[in-house]
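Colleague: I have a model open and would like to talk it through with you. Could we take it a piece at a time?

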Amino acid sequence: MLNNDAERYLCVKCLESDESCEGLSEASFKDAQGIDSSSQKNNGSVPQENGIKKHRTSLPAPMFSRNNISVWGILKKCIGLELSKITMPIAFNEPLSFLQRITEYMEHTYLINRTSSMSDSIERMRAVAAFAVSAVASQWDRTGKPFNPLLGETYELIREDQGFRIVSEQVSHHPPVSAFHAESLAGDFVFHGSIYPKLKFWGKSVEAEPKGTITLELLKHREAYTWSNPNCCVHNVILGKLWIEQYGTVEIVNHSTGDKCVLNFKPCGMFGKELHKVEGYIQDKSKKKLAVIYGKWTECMWSVDPQAYEAHKKSEKKGDNKKQKNDELEGAENDDADDMPEVQETVSVVPGSTLLWRIDSRPAHSSVMYNFTNFAMCLNELEPGMEAILPHTDCRFRPDIRAMENGNMDEASKEKERLEEKQRAARKERAKRDEEWSTRWFQMGTNPYTGSQDWIYTGGYFNRNYQDLPDIY
């Protein structure tokens with residue numbers, strides 16, 4: 001592990017300007033990482049191994065049991081309402097802010113990095129489609145709700161091993177809007193957007209509609225892609241086993257070539273046959289289908305020629321008709337809970353298909369740590385030297401999230417209430433003074449590719465000038 005001085009030196013050299021870090025050569029990193037240092041743990045951090053920085057692989061404490069919580073007593077008055085306007089008990093949460101949850105879009109950044117060497121636009125669209133699917137894969141079995149960010153809250157993450165850095169800010173409270181801006185450390189891409197998550201309770205389920213446009217710019221190819229994420233539904237929030245499905249149409253547009261990828265995230269259906277399935281196609285600007293994309297957002301994505309796919313589907317249907325008749329005879333209604341469909345066998349691969357993406361396996365102890373992925377496990381990690389560099393608005397300094405992560409639920413609940421009350425008091429004070437809230441790193445503007453309103457990064461965050469930031473914690 002780097003000693004504190006060496007780590008701080010690297011961080012400052014890399015981050016003291018808003019320019020790309022490409023000026024800091026790979027050799028420089030290797031030289032610095034060769035510094036000898038004794039192993040130490042901090043907030044679950046793991047020491048470096050063979051010169052490679054290691055992130056923590058577990059949380060400081062396992063998750064608490066929700067078995068004794070009366071969910072119905074809390075939610076029965078919320079049917080049909082938007083949950084973002086309702087104060088929810090901490091029992092529903094996981095120890096991450098929504099800004100950190102957004103950062104999980106970057107878990108499979110290697111899919112974007114690959115595009116810089118791809119000369120064919122359709123090949124690049126395949127990679128972008130796989131990235132769009134992978135960005136929501138971490139939601140599988142994640143039934144805990146991230147903490148609502150406080151107005152002015154920020155988060156940053158720099159991953160030299162994956163070649164990106166990202167900054168996000170909570171730019172609005174009513175409605176809640178989170179803006180983010182990520183960029184390649186090598187100057188290959190920019191990835192940005194703003195998300196307004198609308199949550200509604202429908203009696204037995206909670207539906208999340210992630211309103212907002214996501215934009216990916218591939219700078220080398222001078223291409224821009226835009227899309228929106230699918231809807232997500234958590235079933236059996238009152239009774240039965242919690243389970244998640246994502247559904248809806250995701251349309252990815254290449255604004256430079258006119259190519260389009262239309263992905264259908266399928267609802268599970270009556271017998272669960274379609275659970276987790278994603279199916280779609282890539283077409284050029286003349287609407288000619290050039291490739292089929294298929295798979296499961298919980299597992300993997302493949303691409304194949306449209307003719308081969310159609311032939312395979314026809315042969316599959318013959319065998320499915322007999323099975324469906326048997327399922328209809330065995331099926332039974334359950335008014336108390338939405339039975340979780342039995343997870344079908346892995347994706348049936350069409351001969352001649354190309355693998356685009358496969359999900360990483362989760363840690364063995366993930367089920368007792370909020371079903372976090374390896375990537376999610378380190379998002380709230382407070383590494384040595386960070387306190388001297390990060391702005392005090394960063395999520396890692398939120399006392400309620402930190403307390404929950406450490407297993408202190410009573411303290412987490414008290415801190416959550418205190419922070420929410422502090423935010424309300426600050427809002428009343430601004431209203432009394434007739435003051436408008438001023439965002440720091442993003443401002444409302446126009447997305448140059450869609451023409452719609454969007455929150456645009458104004459730059460300057462990584463200059464590390466954090467004067468006059470609000471006291472939100």
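**Talking through the model**

Modeller: Happy to, and a good place to begin is Trp227, which touches Val128, Phe131, Ala132, Phe191, Gly212, Thr213, Ile214, Leu216, Val250, Glu251 and Ile252, leaving out residues up to four places away in sequence. Do keep in mind that this is a predicted model.

Colleague: Thanks! Which residues touch the most other members of the largest nonpolar core?

Modeller: That core has 70 residues. Its largest share, eight residues, comes from helix H6 (residues 121–134). The members touching the most others are Phe191, Leu216, Trp227, Ile252 and Leu263.

Colleague: How many residues are in the other core, the one with Trp455?

Modeller: It lies apart from the largest core. Its members include Trp455, Tyr461, Phe462 and Leu469. The number of residues is 13.

Colleague: Let's move to the strands. Which residue in E13 stands opposite Cys261?

Modeller: Strand E12 (residues 260–265) pairs with strand E13 (residues 277–283) in the antiparallel sense, over six bridges. Cys261 has its opposite number in E13, and that is Ile282.

Colleague: And in E14, what is the bridge partner of Gln283?

Modeller: E13 is also joined to strand E14 (residues 289–296), by seven bridges, and the two run antiparallel. In E14, the partner of Gln283 is Lys289.

Colleague: Which residue takes a positive phi in the hairpin of E13 and E14?

Modeller: Five residues sit between the two strands of that hairpin. The one with a positive phi, near 70°, is Lys287.

Colleague: Now for the helices. What span is expected for H10 at 1.5 Å a residue?

Modeller: H10 has 24 residues, and its first and last C-alpha atoms are 35 Å apart. That is close to the expected value, which is 34 Å.

Colleague: Which elements do the buried residues of H10 pack against?

Modeller: The buried residues of H10 are Met409, Ala412, Glu415, Lys416, Leu419, Glu420, Gln423 and Arg430. They pack against strand E1 (93–97), strand E2 (145–147) and helix H9 (399–405).

Colleague: Is Ala426 buried, partly exposed or exposed?

Modeller: Ala426 lies in helix H10 (residues 409–432). Its relative accessibility is 33%, and buried would need under 20% while exposed would need over 50%. Ala426 therefore counts as partly exposed.

Colleague: How far is the C-alpha atom of Ala426 from that of Asp471?

Modeller: Along the chain, Ala426 and Asp471 are 45 residues apart. In space, their C-alpha atoms are separated by 9.8 Å.

Colleague: What percentage of residues 402–436 is helix?

Modeller: The unreviewed UniProt entry places a "coiled-coil region" at these residues, 402–436. In the model, the C-alpha atoms at the ends of this stretch are 30 Å apart, and strand makes up 0%. The helix content is 80%.

Colleague: Back to strand E1: is Glu94 buried or exposed?

Modeller: Glu94 lies in strand E1. Beyond neighbours within four places in sequence, Glu94 is in contact with Arg101, Arg142, Gly144, Lys145, Pro146, Phe147, Tyr370, Phe372 and Met404. Its relative accessibility is 0%, so Glu94 counts as buried.

Colleague: One last thing: what share of the residues in the protein chain is buried?

Modeller: The protein chain has 10 helices and 18 strands. Its exposed area is about 22800 Å², with 49% supplied by carbon and sulfur atoms. Of the 473 residues, the buried share is 50%.

Definitions and conventions:
Residues are numbered from 1 along each chain as its sequence is written. This is a predicted model: local features need pLDDT of at least 70, side-chain atom pairs count only at pLDDT 80 or more; totals for chains, interfaces and linings use all residues. Side-chain values use heavy atoms; hydrogens and water are left out. A nonpolar core is a set of buried Ala, Val, Leu, Ile, Met, Phe, Trp, Tyr and Cys residues joined through side-chain atoms within 4.5 Å. Buried means under 20% relative accessible area, exposed over 50%, partly exposed in between (1.4 Å probe, protein chains only). Helices (H or I, at least four residues) and strands (E, at least two) are DSSP runs, numbered from the N terminus. Contact means heavy atoms within 4.5 Å. UniProt positions are given in the numbering used here, feature names are shortened, and annotations may be inferred rather than shown by experiment. Two strands pair if DSSP finds at least two bridges between them. The expected span of a helix is 1.5 Å times one less than its number of residues. Accessible areas come from the Shrake-Rupley method with a 1.4 Å probe; for residues, only the protein chains shown count as cover.
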